[in-house]
Every structure is written in C-alpha cells, then in structure tokens.
Amino acid sequence: MRITTLLITAAATVATTAVGGAATAPAVRSSWYEQLRKPAYQPPRQVFPVVWPALYTDIAVVSAAAIDELGATGRDIERRAYRNGLALNLVLNAAWSWLFFNRRRFGTATAVSAALTVSSADLTRRAVDAIGGRAAPLALYPLWCAFATVLCGHIRQLNRRAERS
C-alpha cells in the first residue's frame, strides 16, 4: 500500500470524524441527550470512543489497500467505483450524526443509518473483491452500522415527542 493513498483515506476518515464529532460531542453532554429514553441494550457511553476510532482505522487502512490493488491491477473502473463508494459512505456517516444529534430527526437518521449499513456492506464487498482476506476487519463496520440502525430506530420509538418534525 502506498503511503500517499493511506494519507488520503486517513484524512477522509479524520474529516468525517471531525464533522460528525462537531454535532455529536456537545449533544452527548447535554441534558437533552441525558433525558432521552434509550433501550437497555444501548452500549455504555465509553464504548463509542473506542469502537469508532477502530472502525475508522479499518476503513482507512483497508480502503487504501483496496484502492492501490485495484490501481495496480489495471481495474480503474472498479477503483473509481470504490473511491466513490467510500466518499458516499463517509458522507452518510457524518450526516447521521448531524441528523440525530443536531437536528434530532430520529426517523431520517434511522433511514440514513440503514443506507450507511448497505453502503458499508457494499464497501466491504468491494474490498474483499480487491484484496481478499486482508479486508476481513472491514466486515465489522456494516455489522456495527446494522446494530446502530436498530438502536436508532428503537430510540425513535421511545422518544417520538423529543423528535423534531
């Protein structure tokens, strides 16, 4: 994997973290968030700052390897499709934070989370096609996003009055 590609994918995930974090950080410390009803299976607050950096690292490293492999093997159309898929995925990722935490649009956030899950599964499929078993760590990403979709939808059900229309 080329260092240049890794720097680009890492910068993209860091930017996603910053954009999403700008909506998330103030909200999770707010009384609004504290008062939301949450399902019993929601992980403790301390889990999220551990899980997301690990997932973003997987996204950056696996994506860099996949992009470089696709370029090295002359699969330029697939390489472009992977890059576009990664860009869409990261936009959906950051958008979810803004919709849920800043706009308090739980229904829309759930739909975006579902789209993010599909996008993450597609990204994983593309990475496996490009680099085989080295893409295995990325498989955790759509699993986490699927769990987050269920959690988001359940939070919506529990807090219909707290949702902005």
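**Signal peptide, helix packing and a loop arginine**

In the UniProt record, an unreviewed entry, the feature "signal peptide" is placed at residues 1-17. In the structure described here, which is a predicted model, this span is 88% helix and 0% strand, and the C-alpha atoms at the ends of residues 1-17 are 23 Å apart.

Two packed helices are described by the angle between their axes and by the distance between those axes. For helix H4, formed by residues 76-102, and helix H6, formed by residues 140-158, the packing angle is about 25 degrees and the axes lie 13 Å apart. Because angles under 35 degrees count as roughly parallel, H4 is roughly parallel to H6, and the crossing in which H4 passes H6 is left-handed. On the H4 side the contact involves Asn89, Asn93, Trp96 and Phe100, which meet Tyr141, Cys152 and Ile155 of H6. By character, the residues of this contact of H4 with H6 comprise 5 nonpolar and 2 polar ones, with no charged residue.

Ile155 also takes part in a contact with Arg37, a residue located in the loop between helix H2 (31-35) and helix H3 (48-72). When neighbours within four places in sequence are left aside, the residues in contact with Arg37 are Ile155, Leu158 and Asn159. Arg37 has a relative accessible area of 52% and is therefore exposed, since the cut-off for that class is over 50%. With respect to Ala146, which is 109 residues away from Arg37 along the chain, the separation between the C-alpha atoms is 20 Å.

How values were computed. Residues are numbered from 1 along each chain as its sequence is written. This is a predicted model: local features need pLDDT of at least 70, side-chain atom pairs count only at pLDDT 80 or more; totals for chains, interfaces and linings use all residues. Side-chain values use heavy atoms; hydrogens and water are left out. UniProt positions are given in the numbering used here, feature names are shortened, and annotations may be inferred rather than shown by experiment. Helices (H or I, at least four residues) and strands (E, at least two) are DSSP runs, numbered from the N terminus. Axes are lines fitted to C-alpha atoms, for helices over the stretch in contact, and angles run from 0 to 180 degrees between N-to-C directions. Angles under 35 degrees count as roughly parallel, over 145 as roughly antiparallel, 65 to 115 as roughly perpendicular and the rest as oblique. A crossing is left-handed if the near helix is turned anticlockwise from the far one by less than a right angle, and right-handed if clockwise. Contact means heavy atoms within 4.5 Å. Ala, Val, Leu, Ile, Met, Phe, Trp, Tyr, Cys and Pro count as nonpolar, Asp, Glu, Lys and Arg as charged, and the others, Gly among them, as polar. Buried means under 20% relative accessible area, exposed over 50%, partly exposed in between (1.4 Å probe, protein chains only).
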